[in-house]
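Please open the structure in your viewer and keep the selection tool handy. We will go from stop to stop, picking out a few pieces each time.

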Amino acid sequence: MTALEPDLTDLGLPSIGGLHGVPTTGAKQTAKDFTSDQEVRWCPGCGDYAVLAAVRSFLPTLGIRRENTVFVSGIGCSSRFPYYLNTYGMHSIHGRAPAIATGLAVTRPDLSVWVVTGDGDALSIGGNHLIHALRRNVNLKILLFNNRIYGLTKGQYSPTSEEGKVTKSTPMGSVDHPFNPISVALGAEATFVGRALDSDRKSLTAVLQEAAAHRGTALVEIFQDCPIFNDGSFDVLRKGDEAASRVIPLTHGEPIRFGPTGDDGLGTYAVVQEGFGLRVAKADEVEAEQIVVHDVRSHELAFALSRLSDQDLTHTVTGIFHNVDRVTYDDATRAQVQHARDRVRSNGSSGLQTLLNGRDTWTVVG
Amino acid sequence: MTTTDSTEPEVISRDRVVIRFAGDSGDGMQLTGDRFTSETASFGNDLSTLPNYPAEIRAPAGTLPGVSSFQLHFANFDILTPGDRPDVLVAMNPAALKANVADLPPGGVLIVNTDEFTKRNLTKVGYSVSPLDDGSLERYTVHEVAMATLTRGALEQTGLSKKDAERAKNMFALGLLSWMYHRPTEGTERYLREKFAKRPDLADANVLAFRAGHAYGETTESFAVTYDVAPAPLAPGTYRQITGNTALAYGIVAAGQAGGLPVFLGSYPITPASDILHELSKHKALGVTTFQAEDEIAGVGAALGAAFGGALGVTTTSGPGISLKSETIGLAVALELPLLVIDVQRGGPSTGLPTKTEQADLLQAMFGRNGEAPLPILAPRSPGDCFDIVLEAVRIAVTYRTPVLVLSDGSVANGSEPWRIPDASALPTFDPGFATVPNSPDGAEFWPYLRDDDTLARPWAVPGTPGLEHRIGGLEKADGRGSISYDPDNHDRMTRLRAAKIDGIAVPDVEVDDPNGDAELLVLGWGSTYGPIGAGARRVRTLGHSIAQAHLRHLNPLPANLGEVLRRYRRVLVPEMNLGQLALLLRADYLVDVQSYTKVAGLPFRAEELQDVFLDHLAQNSAPGVHA
């Protein structure tokens, strides 16, 4: 039997955004306001610094009250993140942050709830909670710092490490096939999936802004360098023509072109459809109509784009893969509670005493 | 019965009766028992029940593993247990007979559904000759009733298929027993109409079968007697029947209202705790949110997240589920946030005996977390007590900002008893006391680990409170200020502070029931053994012996007077459904040489069994040379 009470097909979408219900402030806020008094203790050169700086300067732009912002993290280097923000925060246990944040988000619609996690935290020990948060579409923003290595335990391979990775626990190279986090998220029914590079503050901020505006779970994969145990792992994506020929940035509604600028002012490479998937071609070797126009609403396109990204980073798609509206778990849960209350109110019967009495009672007279 | 016909059966008065309904798990024995219980409760008897069913939903029909039973003890006085042995056994098939008949004492009444006594069914359970024919049942009063045939006949006019009609045979059995024991029948008819509201044809069929069973008793002459069990003189008040799981659920709703806190339950289905989730999911109108999580860990995690946000966070589990939650409970100890954890204990280790009762999680509750991670533990002593224990557990959780573990068990969870309904408006309220302003000595900052002088509790500052932004986590915190600290002395201090906070929780003194005041043997129990221990003690006293009984509802911290109580008696006996876990704690804490009596058979102690154990210990006590 299927039945849903009340009718939960709309609940205000798409007009209500990710921050609907969170109190705003007219006061001017700066990155400094979001900086706690704790000394930041990541290794020198860690990519987490760049992400922290980006988030500190991005949060004030949301215009919401600092006290209504909560960061929940798991365990790992990136999970120290909440300590360095002057918001409410919880540094929880390994892999469980999405579950903890779910309970908070469901009970507190007035909070903007963020999860900070890493590749080991989110995709290894916490894989179960990640996929279920995405499937439920709880109004959480999940920042997945992917450095493709275990840092805090000093350098074992992670579930996103490339095959053959030589680490302390895999001296002959890892034989595990890695997860593609974007494919995992899309397979788990995610409504928002994006990716950015730690050092590209402009693109990272743009993705964070869209994530914050999205009502539902937003997964943002951030490629982040671990200078100690996986140094330079994303360098090929950072600078120069080589980086330009590898990074495929997405813009909704635009043909997917990338690489060094060509004669038409756009990238010299293009993404075209081939069979059930996509391939990279030289733009001047294909017809214009063969070039795929990005559409964040298409689940199929998003998945095909996620498969373009290779373990060796030959092609790395960045930006917003997917962004669609679907009723969130927390909105629907609250609507059911409200509906039950309204119904009882209109019946005129309610209350704890009625519950305790039940149907069959008998009275013993003294 | 208004007829004065000479065939009117004789009515015999009894002070107490134990009935056991037994059949295949598909026969609806739990429902039949439930209905008989409701009829009995509304009649005003005191009662206690024991459902006993297999873990498999439908084990192969007609086999021994598929037998499901429901035992009900009702009386005209206050009783403590579901009864040791049935006076009446209803056996719906050969498997039910074989699995249960050994418990029926000689002279007991046996009502058998003969339709199922086919060669095939008899062979399935190893009867080469039908026990109905071989004389093996002659010590019992046997009533052979073709229940399926009679039910089918009664439903002939309904147009139901033969198979559907026969499914109502449990209601036939209920009707017959309701007649034999003069139970009121309106409640069951009303119940059936409501249960099958969407299938009026099935409602009619069940009511017809129920009436047919009743009429069968009335009109056939095979039943020479009926029995009358007068109402029990319970304390004045309005009563209902309640199971432990329902009482726990109601306690959670009531506790949320008492503290003005929204209730959030994060839970993963597991036998026998799932009924709490089912019950609470029905009470959204009372401010309850239920979250069926992806696993046990997410259930407790979400509850803890909700607690961080200022809700009454609750999680419920059983068996291996409590192991999975251990790490998050440890985090709750470190975070010092209120959290209610309910463990409905079942047989272990591992998957163990999912539908059977046990008390073997006590030491895990005490110590089953990494590091020094103390928390308060409470245990209800009866189904109705579950309501009060939850109110008490939540009061402690909120007052002391700590996770609290409630150890129920399978027999309390599924057992039922009359419950005097409390006046909701008279339940004690409490103030969660959320922090609203900075608390540092200079008044400028918020220090999340600055403690209350009396309770040692830290402030509960929920997100959304301006000026109190703070970060908490599983890393050790600096005393007071709450920032991360790896300082050795600080860790030592914080560890002792967490322990002192739990040790300092105010719990009531344990009361000793020692009517003559001269007992030398004290029997001390905890949790669901209250009923059998009390019943056993009653029997021993009736035989002229003195025996003292005390029962613990608080397992951590233990009542302040417990050491004195233990030392007051020459001999202390601790019966437990484990291998001596409370005894181990008592010996360690008080250096008292307590004696253990243990059993882990998946079923509650029997009063008769404990009577013998108590008599044995009384005899040893009076033997020369003991405790010289």
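What follows is a tour in six stops. Keep in mind that this is a predicted model.

**Stop 1: where the two chains meet**

Colour chain A and chain B differently and look at the place where they touch. Here 50 residues of chain A are in contact with 59 residues of chain B. Now select the pieces of chain A that give two or more residues to this side: strand S2 (88-91), helix H2 (97-107), helix H4 (127-136), helix H9 (329-347), helix H10 (352-357) and strand S12 (362-364). Which of these gives the largest share? H2(A) does, with eight residues. If you colour this side of chain A by residue class, you will find 21 nonpolar, 22 polar and seven charged residues.

Next, keep S12(A) selected and add strand S9 (residues 237-243) of chain B. The two strands pair in the antiparallel sense, over three bridges. To find your place in this pairing, pick Val364(A), which stands opposite Gly237(B) in S9(B).

**Stop 2: two helices of chain A**

Stay with chain A and show H2(A) and H4(A) together. Their axes come within 7 Å and cross at roughly 40 degrees. That angle makes H2(A) oblique to H4(A). Show the side chains where they meet: Pro98(A), Ala99(A) and Thr102(A) on H2(A), with His129(A), Leu130(A) and Ala133(A) on H4(A). This contact has four nonpolar residues, two polar ones and no charged ones.

Is H4(A) mostly covered or mostly uncovered? It is mostly covered, as seven of its ten residues are buried. To see them, select His129(A), Leu130(A), Ile131(A), His132(A), Ala133(A), Leu134(A) and Arg136(A). Then step just past the end of H4(A) to Asn137(A), which takes a positive phi of about 65 degrees.

**Stop 3: a sheet that uses both chains**

Switch to a cartoon view and look for an open sheet of nine strands with mixed pairing. You can walk across it in the order S7(A)-S11(A)-S5(A)-S6(A)-S4(A)-S3(A)-S1(A)-S2(A)-S17(B). Strand S7 (247-249) of chain A and strand S17 (471-473) of chain B stand at the edges; each has a single partner strand, so one side of each is left without a neighbour in the sheet. On average, neighbouring strands here are turned by 20 degrees against each other, direction ignored.

Zoom in on strand S4 (residues 140-146) and strand S6 (residues 218-223) of chain A. They run parallel and are joined by six bridges. A handy marker is Ile142(A), opposite Leu219(A) in S6(A). Now add helix H6 (residues 201-213) of chain A, which packs on the sheet and touches S4, strand S5 (192-197), S6, S7 and strand S11 (316-323) of chain A. The direction of this helix makes about 160 degrees with that of S5(A).

**Stop 4: an enclosed helix in chain B**

Move over to chain B and select helix H4 (residues 147-154). Six of its eight residues are buried, so this helix is largely enclosed by the rest of the structure. The buried ones are Met147(B), Ala148(B), Leu150(B), Thr151(B), Arg152(B) and Ala154(B). What do they pack against? Show strand S6 (109-113), strand S7 (141-145), helix H5 (162-166), helix H6 (169-180) and helix H8 (200-219) of chain B to find out.

**Stop 5: a helix pair in chain B**

Keep H6(B) on screen and add helix H1 (residues 29-43) of chain B. The axes of H1(B) and H6(B) come within 10 Å and cross at roughly 30 degrees. That makes H1(B) roughly parallel to H6(B). Their crossing is right-handed.

**Stop 6: two single residues**

Is Thr49(B) in strand S3 of chain B buried or exposed? Thr49(B) is buried, with 25 other C-beta atoms within 10 Å. Among the residues it touches are Gly33(B), Phe70(B) and Ser416(B).

Finish at Gly217(B), in helix H8 of chain B. With 19 C-beta neighbours inside 10 Å, Gly217(B) counts as partly exposed. Leaving aside neighbours within four places in sequence, Gly217(B) is in contact with Leu176(B), Trp179(B), Met180(B) and Phe223(B).

Definitions and conventions
Residues numbered from 1 in each chain as written. Chains lettered and ligands numbered in written order. Predicted model: local features only at pLDDT ≥ 70, side-chain atom pairs only at ≥ 80, totals over all residues. Contact = placed C-beta atoms within 7 Å. Helix = DSSP H or I, 4+ residues; strand = E, 2+ residues; numbered from the N terminus. Nonpolar A, V, L, I, M, F, W, Y, C, P; charged D, E, K, R; others polar. Pairing = 2+ DSSP bridges. Buried ≥ 20, exposed ≤ 12 C-beta atoms within 10 Å, placed from the backbone. Axes fitted to C-alpha atoms, helices over the stretch in contact; angles between N-to-C directions. Parallel < 35°, antiparallel > 145°, perpendicular 65-115°, else oblique. Left-handed = near helix turned anticlockwise from the far one by under 90°.
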